[in-house]
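Q: Hi! Could you walk me through the sheets and helices in this one?

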Amino acid sequence: MLKFPAHSWRNTIFLRQVIIYLIVILPIILLGVYLYNWSYKNASEGLSRTSEAQLTNYLEALNREIEWMELQEFDLLEDTELNRLVVTWEMMDNVEKRASLNYLIRRLTSFKNSSVYIKDVYVHIRPVNKTISFSNAISDLDVDKYNFFRFSIGRSEQRLVKWENTLHLSTSKYSGKKGEEPLFVIQIELDREKLRYALDQVNIYPESGSFLISDTTGFVLMSDEELSGRLQGDIREVEEASTTKLVIDGKKYHIDKAHSDKLGVTVASYLPEETVRKPLGKFVIWAWLFAIMTFIAIAIYSYSTYKFVHKPLLLLVQSFRRMEGGALDIHIEHEEKDEFGYLYNRFNQMLNKLQALIDQDFKQKLMMQRAELKQLQSQINPHFLYNSFFILNSLARTGDTERIEEFTNMLGEYFRFITRNGEDNVLLAEETRHSRMYTEIQKLRFSRRIRVEFDDLPKEMENIRVPRLIIQPIIENAYEHSLEKMTEDGLLRVAFELDQTEARIIVENNGNRLSDTEIEALQNRLDSTTESYEMTGMMNIHRRIILTYGRNSGLLLSRGELNSLKVVIRIKLKEENEIA
């Protein structure tokens, strides 16, 4: 029975769940944010359109009122009785003066009542040293106002003039003589409260407000006087700013404005941004509720997927990984009769069949290896046996009993090694000793014309286990096909090399010089996996080494330093073959 996958797999599942959340939830959240901003933008734009229309209407109405006042002001400026009073004041008697003054008061009263925006109308007459107004009737000349308003004319192109935090209209009458002061000045004082009341009608919501700003005079009028003191500095920024947002005392306001070039004023309305967003409050609640429900649904789905899909799937994946590592006793127990139960059952059956095939293949390879060893022994024994008898016969003829004794001892050890039926693998030290003994036997036959250079086996390689008879047949092949045909100066060289991953046994000679094409053809025959080639001794050795040590092992043929065939026996060092 397998356990749950390791933490690394759990981390992978967790990462996958996070990715699922991001893929599913993020678009929903982004869609909600987009819809909210889109709704707010539409609401804000609709509110701005309505507010700007009302502000424009307010300015148009105010401009009509101002134009009416200017017409009345011009009529008064050209009034015959007023001009006669100014010119003939010194020649009038008291009755005429009183009558003219009373007429002028009635005229100003009519002027004042012609518009709700007029608070008072003043006529400052210098020649008679009098100021006549609706509210104060007749009084001494108000020199301050006379001087201010007569100098304000021509000082600015603005029609409206600020005096004591109130807007005024003014005009003057001159005698026509250059450099003279005006005969009289007409001053119209606008009603601040009436302007504020009209300004307050522009407001759409109870929380909203509005204000009016004169471009050059610095006059500011707000519908909410309580807020006016705190906004003086900030409101002045609205006149030239293009933004529709204003932060006052840390609170955001939505601003809409309209401008009148004729009057030289800007009128704007402000509304707390929270009021603009208030209709969207239910949308936010439903959006959060939808997001939470979506999160819960995805969490339930993810947990179910993890429990019923990912966990069984990871169990199967881990089983395959362990099977790749060589473990075949990992049957999976699963009680549910579902899709994974079917997969687990097939997986268990596959393991059973795989185990049976491996056992069968291993036994076949083992039997093949032993059969090939027997075949190699049968190939070697007759040929070498004949030569040995010839050597022994020659020694007997010479009567050299000492060498006969040495030769028979070596021959006995030689045949004992190749004919024993014990284990198939031996220590490399034994295999090397056997091969060296074979060269010693051959020295008795070819000592005059064949020289042998047999290096000592390094101690680090002595305990490597190798198949029997992998070096001596290579040496015998060199004698039989190359060195025996030479009449003199034959050389056989056996060397050993070792690194961290591979042990190498090198056998080369200077005998029959094969061409590069012939050497390549021999190598291709060794590497061929088909059965079309005759089983030779070298092919026998090559296959047994591959069976034992795996790919990248075996014989490697090339042209050596002695300019003839060089055979390298490569042994890949695995755990079971490492040096003791």
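**Sheets and helices**

A: Happy to! Strands β15 and β16 run antiparallel and are joined by seven bridges. Before we go on, this is a predicted model, where local features need pLDDT of at least 70 and side-chain atom pairs count only at pLDDT 80 or more, while totals for chains, interfaces and linings use all residues. Residues are numbered from 1 along each chain as its sequence is written, and side-chain values use heavy atoms, with hydrogens and water left out.

Q: What counts as a strand, a helix or a pair of strands here?
A: Helices (H or I, at least four residues) and strands (E, at least two) are DSSP runs numbered from the N terminus. Two strands pair if DSSP finds at least two bridges between them.

Q: Thanks. Which residue stands opposite Glu497 in β16?
A: That would be Arg504. The two strands, β15 and β16, make a hairpin with three residues between them.

Q: And what is Asp499 in contact with, leaving aside its neighbours within four places in sequence?
A: Arg504 and Leu573, where contact means heavy atoms within 4.5 Å. Asp499 sits in the loop between β15 and β16. Its C-alpha is 9.3 Å from that of Leu573, although the two are 74 residues apart in sequence.

Q: Is Asp499 buried or exposed?
A: Asp499 has a relative accessible area of 34%, so it is partly exposed. Buried would be under 20% and exposed over 50%, with partly exposed in between (1.4 Å probe, protein chains only).

Q: What is the strand order in the sheet of five strands?
A: The order is β13-β15-β16-β18-β17, in an open sheet with mixed pairing. At the edges are β13 (450-454) and β17 (554-559), each with a single partner strand, so one side of each has no neighbour in the sheet. From one strand to the next, the twist averages 15°. Angles here run from 0 to 180 degrees between N-to-C directions, and axes are lines fitted to C-alpha atoms, for helices over the stretch in contact.

Q: How do β13 and β15 run?
A: They run parallel, with five bridges joining them; Arg451 stands opposite Leu491 in β15. By contrast, β16 (residues 502-509) and β18 (residues 565-572) pair in the antiparallel sense over seven bridges.

Q: Which strands does helix α11 touch?
A: Helix α11 (residues 428-446) packs on the sheet against β13, β15 (490-498) and β16, and its direction makes about 165° with that of β13. Helix α14 (residues 537-549) lies across β17 and β18, at about 130° to β17.

Q: Switching topic: what about the sheet of six strands?
A: That is an open sheet too, ordered β3-β2-β1-β6-β5-β4, with antiparallel pairing. Its edge strands are β3 (137-140) and β4 (161-163), each pairing on one side only. The twist averages 30° from one strand to the next.

Q: How do α2 and α3 pack?
A: Their axes are 10 Å apart, at an angle of about 140°. The two helices are therefore oblique, since angles under 35 degrees count as roughly parallel, over 145 as roughly antiparallel, 65 to 115 as roughly perpendicular and the rest as oblique.

Q: Which residues meet there?
A: Glu81, Leu82, Arg84 and Leu85 in α2 meet Ser100, Leu101, Tyr103 and Leu104 in α3.
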